[in-house]
Amino acid sequence: MRVKGAGRGNPYPTVDEVARGARAMARARPDVVRLRAVGASRAGRPLWLLSAGRGDRHVLTVAGAHANEPVGGASSLSLAEDFLGDPRLLEELGCTWHFLLCLDPDGTTLGERRFVGHPASASASASTPTRTPTLDGYYRGFYRPAFISQPEFPPVESDPHDSMPESRALIRLIDELRPVVQFSLHGVEVGGSFLQLTCPVPGAPRAFRSVAAELGIPLEYRPFDGMGWFVDSPGVLVLPDGSPAEERDPSGYVSQSTWMYAMRHGTVSAVVEAPLWSVAAVSDPSPVARPQLEISRAAEILLSRAKQLEKVLGELADRPPGDERRLPFHTAARELMDIGPGVVDTWNNHDAHGLGDAELATTVGNSASLGIAARRIPLRAAAMMRSALDEPPEALDLLVREWSRELRATFDTRWVPVHRQTALHTRTMLHLARQLLGT
(Lines give C-alpha, C1' and ligand atoms only; values in the text may rest on other atoms or scores of the structure.)
Protein backbone atom coordinates (compact mmCIF):
# COMPACT_ATOMS: atom_id res chain seq x y z
CA MET A 1 0.00 0.00 0.00
CA ARG A 2 3.08 2.22 -0.07
CA VAL A 3 2.59 5.32 -2.23
CA LYS A 4 5.21 5.97 -4.87
CA GLY A 5 6.60 9.45 -5.43
CA ALA A 6 5.49 11.56 -8.36
CA GLY A 7 6.71 10.73 -11.80
CA ARG A 8 9.69 12.33 -13.52
CA GLY A 9 11.85 12.28 -10.44
CA ASN A 10 9.76 13.71 -7.60
CA PRO A 11 10.65 11.79 -4.42
CA TYR A 12 7.38 12.85 -2.75
CA PRO A 13 3.85 11.64 -3.48
CA THR A 14 1.71 14.20 -5.28
CA VAL A 15 -1.57 15.55 -3.93
CA ASP A 16 -3.49 13.03 -6.03
CA GLU A 17 -1.21 10.17 -5.02
CA VAL A 18 -1.65 10.94 -1.34
CA ALA A 19 -5.43 10.91 -1.81
CA ARG A 20 -5.25 7.60 -3.69
CA GLY A 21 -3.17 6.09 -0.93
CA ALA A 22 -5.68 7.24 1.70
CA ARG A 23 -8.59 5.81 -0.31
CA ALA A 24 -6.77 2.49 -0.58
CA MET A 25 -6.33 2.39 3.19
CA ALA A 26 -9.97 3.21 3.82
CA ARG A 27 -11.11 0.47 1.42
CA ALA A 28 -8.71 -2.10 2.85
CA ARG A 29 -9.37 -1.44 6.55
CA PRO A 30 -12.63 0.47 7.12
CA ASP A 31 -12.59 -0.86 10.68
CA VAL A 32 -9.47 1.24 11.37
CA VAL A 33 -9.57 4.29 9.04
CA ARG A 34 -12.20 6.48 7.37
CA LEU A 35 -11.85 9.14 4.69
CA ARG A 36 -14.09 12.17 4.18
CA ALA A 37 -13.92 15.60 2.56
CA VAL A 38 -14.11 18.46 5.06
CA GLY A 39 -14.22 21.26 2.51
CA ALA A 40 -12.91 22.31 -0.87
CA SER A 41 -10.14 24.57 -2.12
CA ARG A 42 -10.65 27.73 -4.14
CA ALA A 43 -10.30 25.64 -7.31
CA GLY A 44 -12.72 23.01 -6.04
CA ARG A 45 -10.22 20.36 -4.98
CA PRO A 46 -11.45 18.33 -1.98
CA LEU A 47 -9.75 18.73 1.40
CA TRP A 48 -9.41 15.12 2.53
CA LEU A 49 -9.43 14.06 6.17
CA LEU A 50 -8.17 10.56 6.99
CA SER A 51 -9.24 9.47 10.49
CA ALA A 52 -7.79 6.48 12.34
CA GLY A 53 -9.11 4.93 15.53
CA ARG A 54 -12.25 5.63 17.53
CA GLY A 55 -11.05 7.14 20.80
CA ASP A 56 -12.91 9.93 22.58
CA ARG A 57 -10.01 12.38 22.43
CA HIS A 58 -8.71 13.76 19.17
CA VAL A 59 -5.33 14.47 17.58
CA LEU A 60 -5.14 16.53 14.37
CA THR A 61 -2.27 16.53 11.91
CA VAL A 62 -2.24 19.22 9.20
CA ALA A 63 -0.07 18.59 6.13
CA GLY A 64 0.53 20.65 3.02
CA ALA A 65 0.03 24.08 4.58
CA HIS A 66 2.88 25.47 2.47
CA ALA A 67 2.97 24.61 -1.23
CA ASN A 68 6.75 24.19 -1.35
CA GLU A 69 6.89 21.74 1.57
CA PRO A 70 5.72 18.39 0.19
CA VAL A 71 6.89 16.07 2.97
CA GLY A 72 3.81 16.42 5.21
CA GLY A 73 1.62 14.23 3.01
CA ALA A 74 4.25 11.50 2.95
CA SER A 75 4.61 11.70 6.75
CA SER A 76 0.84 11.49 7.25
CA LEU A 77 0.55 8.37 5.10
CA SER A 78 3.55 6.83 6.83
CA LEU A 79 2.03 7.20 10.31
CA ALA A 80 -1.42 6.10 9.11
CA GLU A 81 0.18 2.97 7.68
CA ASP A 82 1.82 2.31 11.04
CA PHE A 83 -1.65 2.48 12.63
CA LEU A 84 -2.98 0.03 10.02
CA GLY A 85 -0.11 -2.34 10.70
CA ASP A 86 -0.59 -2.22 14.46
CA PRO A 87 -3.97 -0.77 15.56
CA ARG A 88 -2.91 -1.32 19.17
CA LEU A 89 -0.92 1.90 18.88
CA LEU A 90 -4.18 3.86 18.66
CA GLU A 91 -5.77 1.79 21.42
CA GLU A 92 -2.86 2.61 23.72
CA LEU A 93 -3.21 6.32 22.91
CA GLY A 94 -6.99 6.18 23.42
CA CYS A 95 -7.59 8.73 20.68
CA THR A 96 -8.87 9.24 17.17
CA TRP A 97 -6.03 10.55 15.02
CA HIS A 98 -7.05 12.75 12.08
CA PHE A 99 -4.84 13.64 9.11
CA LEU A 100 -5.79 16.66 6.97
CA LEU A 101 -3.80 15.37 4.03
CA CYS A 102 -3.18 18.68 2.22
CA LEU A 103 -4.43 22.07 3.37
CA ASP A 104 -3.36 23.84 0.17
CA PRO A 105 -3.89 21.38 -2.70
CA ASP A 106 -4.08 24.18 -5.29
CA GLY A 107 -0.72 25.65 -4.37
CA THR A 108 0.95 22.30 -3.83
CA THR A 109 -0.19 21.13 -7.25
CA LEU A 110 1.38 24.24 -8.83
CA GLY A 111 4.69 23.32 -7.23
CA GLU A 112 4.72 19.67 -8.25
CA ARG A 113 7.23 20.35 -11.01
CA ARG A 114 9.95 20.24 -8.35
CA PHE A 115 12.90 17.95 -9.10
CA VAL A 116 11.96 17.62 -12.79
CA GLY A 117 14.92 16.19 -14.67
CA HIS A 118 16.55 14.85 -11.51
CA PRO A 119 15.28 11.27 -11.06
CA ALA A 120 14.91 10.11 -7.48
CA SER A 121 12.35 7.33 -7.50
CA ALA A 122 11.41 6.77 -3.87
CA SER A 123 8.33 5.89 -1.90
CA ALA A 124 7.24 7.82 1.17
CA SER A 125 9.40 5.49 3.23
CA ALA A 126 12.02 4.29 0.77
CA SER A 127 15.59 4.40 1.99
CA THR A 128 17.57 5.97 -0.86
CA PRO A 129 16.54 7.73 -4.10
CA THR A 130 18.24 6.45 -7.23
CA ARG A 131 19.79 9.87 -7.71
CA THR A 132 20.09 12.65 -5.17
CA PRO A 133 17.80 15.61 -5.96
CA THR A 134 19.48 18.96 -6.54
CA LEU A 135 18.69 22.43 -5.28
CA ASP A 136 18.69 23.71 -8.84
CA GLY A 137 16.06 21.16 -9.82
CA TYR A 138 14.01 21.98 -6.73
CA TYR A 139 13.97 25.73 -7.40
CA ARG A 140 13.12 25.32 -11.09
CA GLY A 141 9.73 24.06 -10.00
CA PHE A 142 9.41 26.23 -6.90
CA TYR A 143 6.12 27.75 -5.83
CA ARG A 144 5.05 29.25 -2.53
CA PRO A 145 2.02 31.58 -2.56
CA ALA A 146 1.97 35.18 -1.40
CA PHE A 147 1.44 35.59 2.34
CA ILE A 148 -2.25 36.38 2.02
CA SER A 149 -2.80 33.09 0.15
CA GLN A 150 -1.31 30.82 2.81
CA PRO A 151 -4.31 29.11 4.46
CA GLU A 152 -2.80 28.49 7.90
CA PHE A 153 -2.83 32.28 8.35
CA PRO A 154 -6.32 33.72 7.74
CA PRO A 155 -6.67 37.52 7.95
CA VAL A 156 -7.71 39.19 11.17
CA GLU A 157 -11.34 40.33 11.35
CA SER A 158 -10.41 43.95 10.68
CA ASP A 159 -8.73 43.02 7.38
CA PRO A 160 -10.92 43.69 4.31
CA HIS A 161 -9.84 40.47 2.59
CA ASP A 162 -12.03 37.37 2.85
CA SER A 163 -10.46 34.33 4.43
CA MET A 164 -9.74 31.42 2.10
CA PRO A 165 -12.17 28.47 2.00
CA GLU A 166 -9.24 26.28 3.06
CA SER A 167 -8.75 28.43 6.17
CA ARG A 168 -12.44 28.29 7.01
CA ALA A 169 -12.47 24.53 6.60
CA LEU A 170 -9.55 24.13 8.99
CA ILE A 171 -11.16 26.41 11.57
CA ARG A 172 -14.42 24.45 11.34
CA LEU A 173 -12.47 21.24 11.82
CA ILE A 174 -10.68 22.59 14.88
CA ASP A 175 -14.02 23.67 16.37
CA GLU A 176 -15.52 20.25 15.63
CA LEU A 177 -12.68 18.15 17.00
CA ARG A 178 -11.33 20.36 19.79
CA PRO A 179 -8.11 18.36 19.52
CA VAL A 180 -5.79 17.77 22.44
CA VAL A 181 -2.90 18.51 20.11
CA GLN A 182 -2.68 19.89 16.58
CA PHE A 183 0.43 19.08 14.57
CA SER A 184 1.48 21.20 11.60
CA LEU A 185 4.05 19.46 9.40
CA HIS A 186 6.54 21.62 7.55
CA GLY A 187 9.70 21.17 5.50
CA VAL A 188 12.05 24.10 4.91
CA GLU A 189 14.23 23.60 1.86
CA VAL A 190 17.62 24.31 3.49
CA GLY A 191 18.74 24.45 7.12
CA GLY A 192 17.95 22.47 10.24
CA SER A 193 15.01 21.17 12.19
CA PHE A 194 13.09 22.95 14.93
CA LEU A 195 9.91 22.56 16.93
CA GLN A 196 7.45 25.33 17.82
CA LEU A 197 5.01 24.81 20.70
CA THR A 198 2.15 27.10 21.73
CA CYS A 199 2.79 26.15 25.37
CA PRO A 200 5.53 24.25 27.24
CA VAL A 201 5.26 20.46 27.14
CA PRO A 202 7.41 18.73 29.78
CA GLY A 203 9.79 16.26 28.23
CA ALA A 204 9.09 17.40 24.66
CA PRO A 205 12.36 19.28 24.04
CA ARG A 206 14.52 16.37 25.12
CA ALA A 207 12.46 13.86 23.12
CA PHE A 208 12.57 16.03 20.00
CA ARG A 209 16.32 16.58 20.22
CA SER A 210 16.83 12.85 20.74
CA VAL A 211 14.85 12.01 17.59
CA ALA A 212 16.77 14.58 15.53
CA ALA A 213 20.12 13.31 16.82
CA GLU A 214 19.26 9.69 16.04
CA LEU A 215 18.32 10.70 12.49
CA GLY A 216 21.41 12.86 12.03
CA ILE A 217 19.40 16.04 11.40
CA PRO A 218 20.89 19.28 12.83
CA LEU A 219 18.85 21.65 15.00
CA GLU A 220 18.45 25.37 14.42
CA TYR A 221 18.97 27.22 17.69
CA ARG A 222 17.39 30.50 16.58
CA PRO A 223 15.63 30.00 13.22
CA PHE A 224 14.52 32.88 11.03
CA ASP A 225 10.92 31.75 11.58
CA GLY A 226 9.48 32.34 15.03
CA MET A 227 11.69 35.28 15.94
CA GLY A 228 9.09 36.48 18.44
CA TRP A 229 8.98 33.09 20.19
CA PHE A 230 10.82 32.11 23.37
CA VAL A 231 13.93 29.97 22.82
CA ASP A 232 13.30 27.18 25.29
CA SER A 233 16.40 25.25 24.31
CA PRO A 234 18.31 24.43 21.12
CA GLY A 235 15.80 23.73 18.38
CA VAL A 236 12.69 24.31 20.52
CA LEU A 237 10.62 27.52 20.48
CA VAL A 238 7.67 28.18 22.80
CA LEU A 239 5.04 30.88 22.39
CA PRO A 240 5.63 33.44 25.17
CA ASP A 241 2.87 34.16 27.69
CA GLY A 242 0.75 37.10 26.64
CA SER A 243 1.75 36.94 22.99
CA PRO A 244 -0.60 38.88 20.72
CA ALA A 245 -3.09 36.81 18.75
CA GLU A 246 -2.15 38.74 15.61
CA GLU A 247 0.96 38.18 13.52
CA ARG A 248 2.43 40.63 11.01
CA ASP A 249 4.61 39.25 8.26
CA PRO A 250 7.24 41.22 6.32
CA SER A 251 4.71 42.17 3.62
CA GLY A 252 2.59 43.97 6.21
CA TYR A 253 -0.21 41.39 6.06
CA VAL A 254 -1.76 40.79 9.51
CA SER A 255 -3.21 37.38 10.35
CA GLN A 256 -4.27 35.15 13.21
CA SER A 257 -2.60 31.78 12.82
CA THR A 258 -4.74 28.69 13.10
CA TRP A 259 -2.20 27.43 15.64
CA MET A 260 -3.23 30.19 18.04
CA TYR A 261 -6.91 29.94 17.13
CA ALA A 262 -6.95 26.38 18.46
CA MET A 263 -5.78 27.56 21.89
CA ARG A 264 -9.37 28.60 22.72
CA HIS A 265 -10.14 24.88 22.99
CA GLY A 266 -7.14 24.14 25.18
CA THR A 267 -5.33 22.67 22.17
CA VAL A 268 -1.54 22.56 22.11
CA SER A 269 -0.24 23.26 18.61
CA ALA A 270 3.13 21.84 17.58
CA VAL A 271 4.87 22.91 14.38
CA VAL A 272 7.47 20.33 13.31
CA GLU A 273 10.05 21.46 10.75
CA ALA A 274 12.05 18.90 8.73
CA PRO A 275 14.67 20.21 6.27
CA LEU A 276 14.86 18.85 2.74
CA TRP A 277 18.58 19.68 2.69
CA SER A 278 20.38 19.90 6.02
CA VAL A 279 23.18 22.28 6.95
CA ALA A 280 25.38 21.15 9.83
CA ALA A 281 26.57 24.70 10.53
CA VAL A 282 23.16 25.89 11.79
CA SER A 283 23.66 23.93 15.03
CA ASP A 284 27.15 25.31 15.79
CA PRO A 285 27.00 27.00 19.26
CA SER A 286 30.39 28.70 18.92
CA PRO A 287 30.24 32.42 19.75
CA VAL A 288 30.60 35.09 17.07
CA ALA A 289 32.96 37.99 17.79
CA ARG A 290 30.93 40.69 16.00
CA PRO A 291 27.23 39.75 15.70
CA GLN A 292 26.19 43.07 14.18
CA LEU A 293 28.69 42.58 11.38
CA GLU A 294 27.11 39.20 10.60
CA ILE A 295 23.66 40.81 10.47
CA SER A 296 24.99 43.55 8.18
CA ARG A 297 26.52 40.98 5.84
CA ALA A 298 23.27 39.06 5.61
CA ALA A 299 21.34 42.28 5.00
CA GLU A 300 23.71 43.28 2.21
CA ILE A 301 23.28 39.92 0.49
CA LEU A 302 19.49 40.12 0.68
CA LEU A 303 19.19 43.71 -0.54
CA SER A 304 21.88 43.53 -3.22
CA ARG A 305 20.41 40.37 -4.73
CA ALA A 306 16.95 41.90 -4.79
CA LYS A 307 18.42 44.82 -6.75
CA GLN A 308 20.26 42.43 -9.05
CA LEU A 309 17.01 40.61 -9.76
CA GLU A 310 15.22 43.89 -10.48
CA LYS A 311 17.95 44.82 -12.95
CA VAL A 312 17.76 41.49 -14.78
CA LEU A 313 13.98 41.68 -15.06
CA GLY A 314 13.64 45.36 -15.95
CA GLU A 315 10.06 46.23 -16.89
CA LEU A 316 9.11 42.51 -16.79
CA ALA A 317 9.16 42.69 -12.99
CA ASP A 318 5.87 44.59 -12.91
CA ARG A 319 4.21 43.21 -16.04
CA PRO A 320 1.59 40.55 -15.25
CA PRO A 321 1.99 37.39 -17.34
CA GLY A 322 -0.29 36.89 -20.32
CA ASP A 323 -1.27 33.43 -19.10
CA GLU A 324 -3.43 33.76 -15.98
CA ARG A 325 -2.18 30.39 -14.76
CA ARG A 326 1.22 32.01 -14.25
CA LEU A 327 -0.17 34.92 -12.22
CA PRO A 328 0.23 33.27 -8.77
CA PHE A 329 3.96 32.87 -9.46
CA HIS A 330 4.29 36.53 -10.43
CA THR A 331 2.31 37.79 -7.43
CA ALA A 332 4.35 35.76 -4.95
CA ALA A 333 7.68 36.66 -6.57
CA ARG A 334 6.88 40.38 -6.67
CA GLU A 335 6.00 40.29 -2.98
CA LEU A 336 9.31 38.66 -2.07
CA MET A 337 11.20 41.22 -4.13
CA ASP A 338 9.67 43.98 -2.01
CA ILE A 339 10.05 42.63 1.53
CA GLY A 340 13.83 42.94 1.86
CA PRO A 341 13.89 46.27 3.72
CA GLY A 342 11.22 45.03 6.17
CA VAL A 343 13.14 41.84 6.86
CA VAL A 344 16.37 43.74 7.44
CA ASP A 345 14.57 46.14 9.77
CA THR A 346 13.30 43.14 11.75
CA TRP A 347 16.82 41.78 12.04
CA ASN A 348 18.30 45.09 13.14
CA ASN A 349 15.60 45.73 15.73
CA HIS A 350 15.21 42.24 17.15
CA ASP A 351 15.03 42.35 20.95
CA ALA A 352 15.62 38.99 22.61
CA HIS A 353 14.87 40.25 26.11
CA GLY A 354 12.33 37.85 27.58
CA LEU A 355 12.73 35.47 24.62
CA GLY A 356 15.51 33.38 26.08
CA ASP A 357 18.04 36.15 25.46
CA ALA A 358 18.98 34.47 22.18
CA GLU A 359 20.12 37.49 20.21
CA LEU A 360 20.64 37.22 16.47
CA ALA A 361 24.01 36.20 15.02
CA THR A 362 25.66 35.65 18.42
CA THR A 363 26.56 32.08 17.40
CA VAL A 364 28.01 30.56 14.25
CA GLY A 365 24.82 28.56 13.89
CA ASN A 366 22.50 31.53 13.93
CA SER A 367 24.77 33.46 11.58
CA ALA A 368 24.46 30.55 9.17
CA SER A 369 20.65 30.60 9.53
CA LEU A 370 20.61 34.31 8.70
CA GLY A 371 22.88 33.76 5.72
CA ILE A 372 20.56 31.06 4.39
CA ALA A 373 17.48 33.27 4.84
CA ALA A 374 19.22 36.17 3.07
CA ARG A 375 19.91 33.98 0.04
CA ARG A 376 16.65 32.04 0.13
CA ILE A 377 14.31 35.03 -0.26
CA PRO A 378 15.74 36.40 -3.55
CA LEU A 379 16.32 32.87 -4.88
CA ARG A 380 12.66 32.00 -4.31
CA ALA A 381 11.67 35.24 -6.03
CA ALA A 382 13.91 34.60 -9.04
CA ALA A 383 12.69 31.02 -9.37
CA MET A 384 9.03 32.03 -9.34
CA MET A 385 9.61 34.91 -11.76
CA ARG A 386 11.18 32.40 -14.10
CA SER A 387 7.96 30.35 -13.95
CA ALA A 388 5.77 33.47 -14.22
CA LEU A 389 7.18 34.88 -17.42
CA ASP A 390 6.07 33.69 -20.82
CA GLU A 391 9.63 34.09 -22.13
CA PRO A 392 12.05 34.46 -19.19
CA PRO A 393 15.37 36.08 -20.11
CA GLU A 394 18.38 33.81 -20.17
CA ALA A 395 20.01 35.96 -17.48
CA LEU A 396 17.18 35.03 -15.09
CA ASP A 397 17.73 31.33 -15.72
CA LEU A 398 21.42 31.83 -14.98
CA LEU A 399 20.60 33.62 -11.71
CA VAL A 400 18.51 30.70 -10.47
CA ARG A 401 21.24 28.26 -11.42
CA GLU A 402 24.08 30.31 -9.94
CA TRP A 403 22.30 31.21 -6.71
CA SER A 404 21.30 27.56 -6.19
CA ARG A 405 24.90 26.48 -6.72
CA GLU A 406 26.22 29.19 -4.39
CA LEU A 407 23.73 28.24 -1.66
CA ARG A 408 24.80 24.61 -1.90
CA ALA A 409 28.52 25.39 -1.91
CA THR A 410 28.46 28.05 0.82
CA PHE A 411 26.60 25.89 3.34
CA ASP A 412 27.57 22.37 2.24
CA THR A 413 23.94 21.32 1.92
CA ARG A 414 23.15 17.61 2.32
CA TRP A 415 19.98 15.98 0.99
CA VAL A 416 17.95 14.38 3.79
CA PRO A 417 16.38 11.16 2.46
CA VAL A 418 12.59 11.27 2.53
CA HIS A 419 12.33 8.40 4.99
CA ARG A 420 14.38 10.41 7.51
CA GLN A 421 12.26 13.53 6.98
CA THR A 422 9.09 11.54 7.61
CA ALA A 423 10.64 9.75 10.59
CA LEU A 424 11.39 13.10 12.21
CA HIS A 425 7.74 14.08 11.81
CA THR A 426 6.16 10.81 12.86
CA ARG A 427 8.38 10.03 15.83
CA THR A 428 8.08 13.58 17.16
CA MET A 429 4.29 13.44 16.83
CA LEU A 430 4.07 10.12 18.68
CA HIS A 431 6.31 11.36 21.50
CA LEU A 432 4.25 14.51 21.98
CA ALA A 433 0.90 12.75 21.64
CA ARG A 434 1.84 10.23 24.34
CA GLN A 435 2.94 13.05 26.60
CA LEU A 436 -0.19 15.16 26.10
CA LEU A 437 -2.62 12.26 26.16
CA GLY A 438 -1.05 10.93 29.34
CA THR A 439 -0.30 7.47 28.00
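So, contacts along the chain: of those with a separation of 6 or more, 79% are between residues 24 or more positions apart. Keep in mind that what we have here is a predicted model, so every value I mention is computed from that model.

Now the overall picture. The chain's secondary structure adds up to 14 helices and 14 strands. How does the radius of gyration agree with a compact globule? Well, for 439 residues a compact globule would come out near 22 Å, and this chain has 21 Å, so the two agree. If you follow the C-alpha trace along its principal axes, the spans are about 60 × 50 × 50 Å. Out of the 439 residues, 59% count as buried. As for the accessible surface, we're looking at about 17,400 Å², and carbon and sulfur atoms make up 50% of that. One more thing at this level is charge: there are 47 positive and 52 negative charges, and their mean positions sit 6 Å apart.

Okay, let's zoom in on a place where two helices touch. Find Thr426, which is in helix α14, residues 418-437. Is Thr426 buried or exposed? Its relative accessible area is 7%, and the cut-off for buried is under 20%, so Thr426 is buried. Which residues does Thr426 contact, if we skip its neighbours within four places in sequence? Those are Ser75, Ser78 and Leu79.

Let's hop over to Ser75, then. Ser75 sits in helix α2, residues 71-85, and its relative accessibility is 0%, so it counts as buried too. Leaving out residues up to four places away in sequence, Ser75 touches Leu185, Gln421, Thr422, His425 and Thr426. And here's a little contrast for Thr426: Glu394 is 32 residues apart from it along the chain, and their C-alpha atoms are separated by 42 Å.

Next up, aromatic rings. We describe a pair of them by the distance between the centres and the angle between the planes. How many aromatic pairs turn up in the whole structure? The search finds 13. Take Phe153 and Trp259: the ring centres are 5.3 Å apart and the planes are at 70°, so this pair is edge-to-face. Phe153 is in the loop between α5 (135-140) and α6 (165-177), while Trp259 is in helix α8, residues 258-261, so the pair ties together parts that are 106 residues apart in sequence. Both partners are tucked away: Phe153 counts as buried at 13% relative accessibility, and Trp259 counts as buried at 6%.

Trp259 also pairs with Trp229, with centres 6.3 Å apart and planes at 75°, so that's edge-to-face as well. Trp229 lies in the loop between α7 (204-215) and β8 (230-233), and Trp259 is in helix α8, so here the pair ties together parts 30 residues apart in sequence. Trp229 is buried, by the way, with a relative accessible area of 6%.

Last stop: which residues do ring pairs link into a cluster? Look for Tyr12, Tyr138, Tyr139, Phe142, Trp277 and Trp415. Try picking out those rings in the structure.

How values were computed. Residues are numbered from 1 along each chain as its sequence is written. This is a predicted model: local features need pLDDT of at least 70, side-chain atom pairs count only at pLDDT 80 or more; totals for chains, interfaces and linings use all residues. Side-chain values use heavy atoms; hydrogens and water are left out. Helices (H or I, at least four residues) and strands (E, at least two) are DSSP runs, numbered from the N terminus. Buried means under 20% relative accessible area, exposed over 50%, partly exposed in between (1.4 Å probe, protein chains only). Contact means heavy atoms within 4.5 Å. Rings of Phe, Tyr and Trp (its six-membered ring) pair if their centres lie within 6.5 Å; planes under 30 degrees apart count as stacked, over 60 as edge-to-face and the rest as tilted. The radius of gyration is taken over C-alpha atoms; the globule rule is 2.2 Å times the number of residues to the power 0.38. Accessible areas come from the Shrake-Rupley method with a 1.4 Å probe; for residues, only the protein chains shown count as cover. Lys and Arg count as positive and Asp and Glu as negative; His and the chain ends are not counted. The place of a charge is taken as NZ of Lys, CZ of Arg, CG of Asp or CD of Glu.
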